[in-house]
Amino acid sequence: MSELLVDFITSLDGHASGEGWPGFWGLEGPEYLTWLGEQPEATYLMGANTYRLMSGFAAGEVPKGQDEFRPEEEASVDELTQASKMVFSSSLEEPLTWANSTLVRDDAIEAVRAMKSSGPGLLSTIGSLSLCRSLLRAGLVDRFRVVMFPVITGATGEERIYDGYPDVALEMIEHRTFDGRIQLVEYKPRVLEHPPLGVPA
């Protein structure tokens with residue numbers, strides 16, 4: 001059975017991006033980049049908006065506010081281009097131009113449930129905030145990982161990740177600090193129907 005990982009890169013205040021900021025907020029370091037390069041092969045799940053953005057980068061479109069890609073950003077996009085990608089959308093048209101991308105028009109919840117039961121391997125989200133929220137609500141997420149960069153984007157932050165989420169209990173299964181400043185936390189999530197009635201012992 002496949003495992004589903006929801007994977008976010010955020011500012012400390014929970015934004016997925018910020019206007020005028022480069023990838024990784026310009027704060028990635030060698031330890032973090034080495035760890036990224038050691039991650040297991042995965043099939044990436046995304047929605048239409050993330051596909052449009054990332055496939056544009058793969059085609060050479062530079063992020064707004066930058067003159068060119070930094071080497072770290074270019075390497076990250078190249079790795080995603082080589083990976084298998086499932087794109088959930090009713091608005092995109094076939095054929096998808098980004099290499100190794102498959103368009104899925106079926107209901108995302110049912111499709112991912114079937115993908116999880118069909119065999120081994122890792123499924124991982126990239127961006128796609130509403131897709132991640134829906135998968136979490138449906139109880140399909142096995143691991144919830146957040147890498148927080150040491151910046152607060154109160155003025156320029158975009159894409160608030162946790163708006164619209166249910167209450168979720170998180171059991172920590174891993175934590176790590178990269179380059180003395182980047183914090184990884186990884187949890188096993190459990191969606192709550194209501195707040196706990198008592199304080200855990």
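Hi everyone, let me start with Asn-100, which is partly exposed, at a relative accessible area of 41%. Asn-100 sits in the loop between S4 and S5, and its phi is near 65°, a positive value in a residue other than glycine. Before I go on, a reminder that this is a predicted model. The mean pLDDT of the protein chain is 91, with 96% of the residues reaching 70 or more. Among the elements, S7 has the highest mean pLDDT, 98, and helix H3, residues 71-82, has the lowest, 83.

Back to that loop. Pro-95 also lies between S4 and strand S5, which spans 101-104. The peptide bond joining Glu-94 and Pro-95 is cis, with omega about 0°. For context, most residues other than glycine have a negative phi, and most peptide bonds are trans.

Where else do we find a positive phi outside glycine? Glu-159 has one, of about 60°. This residue belongs to strand S8, residues 157-160, and Glu-159 is partly exposed, with a relative accessible area of 46%.

Now for the interior. The largest nonpolar core has 26 residues, and those touching the most other members are Leu-4, Phe-8, Leu-45, Phe-88, Val-112, Leu-135 and Tyr-165. At least two residues of this core come from each of S1, S4, H4, H5, S7 and S10. There is also a second, separate core of 14 residues, including Met-46, Ala-48, Tyr-51 and Leu-103.

Take a look at H5, residues 129-137, where Leu-129, Leu-131, Cys-132, Leu-135 and Leu-136 are buried. Viewed down the axis of H5, these buried residues fall within an arc of 160°, so they line one face of the helix. Setting aside neighbours within four places in sequence, Tyr-165 contacts Cys-132, Arg-133, Leu-136 and Arg-137, along with Phe-8 and Phe-144. Just after H5, Gly-139 takes a positive phi of about 75°.

I'll finish with Arg-145, in strand S7, residues 143-149. Is Arg-145 buried or exposed? It counts as buried, because its relative accessibility is 7%, below the 20% cut-off. And what does its side chain meet in there? One polar contact, of 3.1 Å, joins the side chains of Arg-145 and Asp-7, and another, of 3.3 Å, joins those of Arg-145 and Gln-39. Beyond neighbours within four places in sequence, the residues in contact with Arg-145 also include Leu-5, Val-6, Phe-8, Trp-35, Leu-184, Val-185 and Glu-186.

Thanks for listening, and I'm happy to take questions.

How values were computed: Residues are numbered from 1 along each chain as its sequence is written. This is a predicted model: local features need pLDDT of at least 70, side-chain atom pairs count only at pLDDT 80 or more; totals for chains, interfaces and linings use all residues. Side-chain values use heavy atoms; hydrogens and water are left out. Buried means under 20% relative accessible area, exposed over 50%, partly exposed in between (1.4 Å probe, protein chains only). Helices (H or I, at least four residues) and strands (E, at least two) are DSSP runs, numbered from the N terminus. The arc is that of the directions from the helix axis to the C-beta atoms. A polar contact is a pair of N or O atoms within 3.5 Å; within protein, one must be able to donate a hydrogen and the other to accept it, and residues adjacent in sequence count only if both atoms are side-chain atoms. Contact means heavy atoms within 4.5 Å. pLDDT is the predictor's confidence in each residue, from 0 to 100. A nonpolar core is a set of buried Ala, Val, Leu, Ile, Met, Phe, Trp, Tyr and Cys residues joined through side-chain atoms within 4.5 Å.
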